Each structure stands twice: as structure tokens, then as C-alpha cells.
Amino acid sequence: MGSIVVTGRGVVSSLGNGADTFFDALLKLRSGIGDEGIAPCAEFDPETSMTPKEVRRNDRFTQLAVAATDEAAAEAGLMGEVDPARVGVIIGTGVGGLTTMAIECENWLTKGDRAVSPLFVPMMMPNAAAGQVAMRLGAHGPGFSVASACATGAHAIGEAKRMIERGDADVVVAGGTEAALIGLCLAAFRRMGALSREGVSRPFDERRDGFVMGEGAAVLVLEREEHAVARGAKVLARVVGYGASNDAFHITQPEENGRGAIEAMRAALRDADLSPADVGYVNAHGTSTPINDRVESKALRDVMGDDGPPVSSCKGAIGHTLGAAGAIEAVACVEALRHGALPPTLGLEQIDPECEADHIAGAPREAPDLKVALSNSFGFGGQNATLVLQAA
């Protein structure tokens, strides 16, 4: 079995539409977080990728996933190029069609059974995005959704890697999507004390007081390298390592010793047959919550040593996109490898002494010799996923 390679990228984020737009904005220190303390995809128009009827019949989390898939599939040249029976789809989400859920609950409580839309279930169910993407591509290989809260996008890409390695598919369209910027969800995270009271995302900064919620989607097209080369597809990067673990400690907090994160990173490096010294960049989970950033920093020092590689977090710019975060951050790693440039952590000005690392802050950093990048994702439920990506 040869490498698993990336041949297509798609992103919809609060920084704009498209993978190139997203990464260019990261390097230019643009923020997608608005004055309201959230990071919506304000430039996203679902009717650019769906008909008005399709828009009405799909929740926003599915609309975002379809738009990201269109970009990734077009770049990979999938349509008409591959055997549909050998194309799989894994699109994850943390909470699914929460907007639809809230609307239909209100309809039912105020108006009764007959006010509930017959489209409620197919719009709300977490696997709706994966189903719509499969129909759009005519993909008849394995397909499903994964849900592991904020590790969802990374788990989707990692499981896609495994699916190809097992020989279950030649190509897998994989990623994560989330659209949960509604009052109910914001209130829930606020009541937990997870959101920033100031509405500012400052990963690893000693002033951080919680995360800022965002929305978005990202999709990668993964395939066997031999398959990509045979059909003339351009190889953008390689997914060489995937590790997953459970904290088995607390439903929302990581263990102070960072055991789950450490095990996920070490498993991913073993899978890649690489050592910590090979890693040239870490895209951290870096949520801007006091405990997560402190524990992840400890875990990074344990795995990488005190002189570890440069570290940054995308969440300073786009907030926390929950189930989409791992996939969006995987795209950031692909672009860092392609461009030899490391995006900075927006909002990081006063590094917390408990989060010491070689942080990239204030400006992007050139990395022309970058060969390997590692991306961390840690979810509520104690479920962790780490990806290792390598330059093409």
C-alpha cells in the first residue's frame, strides 16, 4: 500500500469561501470574528452551490458541507474520473442540524404535530451532510457520518485514511461541517462557562477566558497515491499518520496530565513511522479555554520535548468551529506544507507561562524546509484525534 494523498481541498469559513482564500487570510492576520463575539460564514451564499429548493430542504450544516465538497471535488477532478463504487464519503458533524431542531421544536410546542415539517428528520439527522454529498457525487462506496464533538473533522479524515488502507475504497471524500450559531447552542456553551466573556479568542494567551464559536466546513479528497498518479491528479500533500485515543476521565475536561492527547500524538507518529524530531509544525487544538490550552501545552512538551516545533492555532482567527475544526485545521496544514509558511495565532500577545512553546504570534513565519505537520483535535467526551501530514 502506497501513501494516502490529498488531491482536493474545500473550505467555507468566516474568512471567506475557498481553501486559498482561507489560508491567505490566515497569513494576512485577518479575523473572521465579529463584534458580536461569534465567527459566522457571512460571505457564504448557499445558492451558489444549491438550487433555492435544495437550500430550503437542507440545514445550513449540510449547505456548508456541499459547498466545500464542490470545491474539493472540482480540484481533484473527481466527476467522471473514478469508479463511483470505489468512492467513499465520511462527513462528520458535532451537533448536526441544530437550527432545524430548534425551529421544529418551537413549531411543535406552539402549534402541535401538524406544524412539524416532514423534512425535519432528513434535515436534522447528523448523517444528512454525508448523504447529500454522496448523492451529489454519485458516490456508491462506503458512507457515513462520525461525531466526536470537536475532534470530528480529524476523526473523519483519519477514518478515511483507514478505509483506503483496508482496500474498501480508492477515494474518500472526508471532512467536517458545523452550523450551530443559534441562541440555544450559544446559551448552552455560555452556561458551561466555555465561551469567552469578552468575545475574544486568545489561544495560549494568559488573558484567555474561553472560546469564541464559529461555523464552517472543510473537505479533503483522499486517495491511494497510485490511483491519483494513474489518473493524472495533482498530489497536494500526504496523510501519513492518524492516532486516536480516549481520555476516559471526564465528559468535558481533559485529564491534567494530558494523557489522552499524548497517546493520540504518539499513536499518529507511530502510524506515520516518524519521530517527534521529524515534525516541523504543530497546528494545535488551541481553543482559548484556560484548561485545554494548558493541558495541550503540557502534552506537547511531553511528546515533542522542551525544544519542540513551532505551534499555532487557527481558532484565534476563525473561532471554534466544533465538528468542522479538525478538517479546517488539516487544510491549514496542507497549505503550510505547500507554501512553506506557518500561520500565526491571532490574539496571542502575552504567552501564558504554563503554555510555553515556540509559538508563532504577531506574524506568519517562513518555513521553506517544512516536510511534516501535525494537527491536534480534542473533543468533549474525551475523544482525541491527531493527524500527521507530509509534503507531496
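Me: What makes strand 5 largely enclosed in this predicted model?

Reply: In this predicted model, V171, V173, G175 and T177 point one way from strand 5, while V172, A174, G176 and E178 point the other way, and all are buried. Buried means under 20% relative accessible area. Since eight of the eight residues of strand 5 (residues 171-178) are buried, the strand is largely enclosed by the rest of the structure.

Me: How do you know that strand 5 pairs with strand 3 and with strand 6?

Reply: Pairing requires at least two bridges between the strands. Strand 3 (residues 87-92) is joined to strand 5 by six bridges, and these two strands run parallel. V87 has V171 as its bridge partner in strand 5. Between strand 5 and strand 6 (residues 216-224) there are eight bridges, with the strands running antiparallel. V173 stands opposite V221 of strand 6. Both counts, six and eight, therefore satisfy the requirement of at least two bridges.

Me: Why are helix 7 and helix 13 called roughly perpendicular?

Reply: Helix 7 (residues 152-165) packs with helix 13 (residues 325-339) at an angle of about 65°, and their axes are 4 Å apart. The class "roughly perpendicular" covers angles of 65 to 115 degrees. The two helices are therefore described as roughly perpendicular to each other.

Me: Which residues form the contact of helix 7 with helix 13, and what is their character?

Reply: G153, A154 and I157 of helix 7 meet G326, A327 and A330 of helix 13. These residues comprise four nonpolar, two polar and no charged. Gly counts as polar and Ala and Ile as nonpolar.

Me: Why is C150 called buried, and where does C150 lie?

Reply: The cut-off for buried is under 20% relative accessible area. C150 has 9% relative accessibility and so counts as buried. C150 lies in the loop between strand 4 (143-144) and helix 7. Beyond residues up to four places away in sequence, C150 touches H285, H320, L322, A325, G326, S377, F378, G379 and F380. An unreviewed UniProt entry places the feature "active site" at C150.

Me: What makes the phi of A248 and the phi of S288 notable?

Reply: Most residues other than glycine have a negative phi. A248, which is not a glycine, has a positive phi of about 50°. S288, also a residue other than glycine, has a positive phi near 90°.

Me: How do you know whether A248 and S288 are buried or exposed?

Reply: Exposed means over 50% relative accessible area and buried means under 20%. A248 has a relative accessible area of 72% and is therefore exposed. A248 belongs to the loop between strand 7 (237-246) and helix 10 (259-272). S288, in the loop between strand 8 (281-283) and helix 11 (290-304), has a relative accessible area of 0% and is therefore buried.

Me: Why do G112 and N17 count as partly exposed?

Reply: Partly exposed is the class between under 20% and over 50%. G112, at 22% relative accessibility, therefore counts as partly exposed. G112 is located in the loop between helix 4 (98-111) and helix 5 (120-124). N17, at 35% relative accessibility, likewise counts as partly exposed. N17 is found in strand 2 (residues 16-17). Leaving out residues up to four places away in sequence, N17 touches V11, V12, E43 and F44.

Terms used: Residues are numbered from 1 along each chain as its sequence is written. This is a predicted model: local features need pLDDT of at least 70, side-chain atom pairs count only at pLDDT 80 or more; totals for chains, interfaces and linings use all residues. Side-chain values use heavy atoms; hydrogens and water are left out. Axes are lines fitted to C-alpha atoms, for helices over the stretch in contact, and angles run from 0 to 180 degrees between N-to-C directions. Angles under 35 degrees count as roughly parallel, over 145 as roughly antiparallel, 65 to 115 as roughly perpendicular and the rest as oblique. Contact means heavy atoms within 4.5 Å. Buried means under 20% relative accessible area, exposed over 50%, partly exposed in between (1.4 Å probe, protein chains only). UniProt positions are given in the numbering used here, feature names are shortened, and annotations may be inferred rather than shown by experiment.
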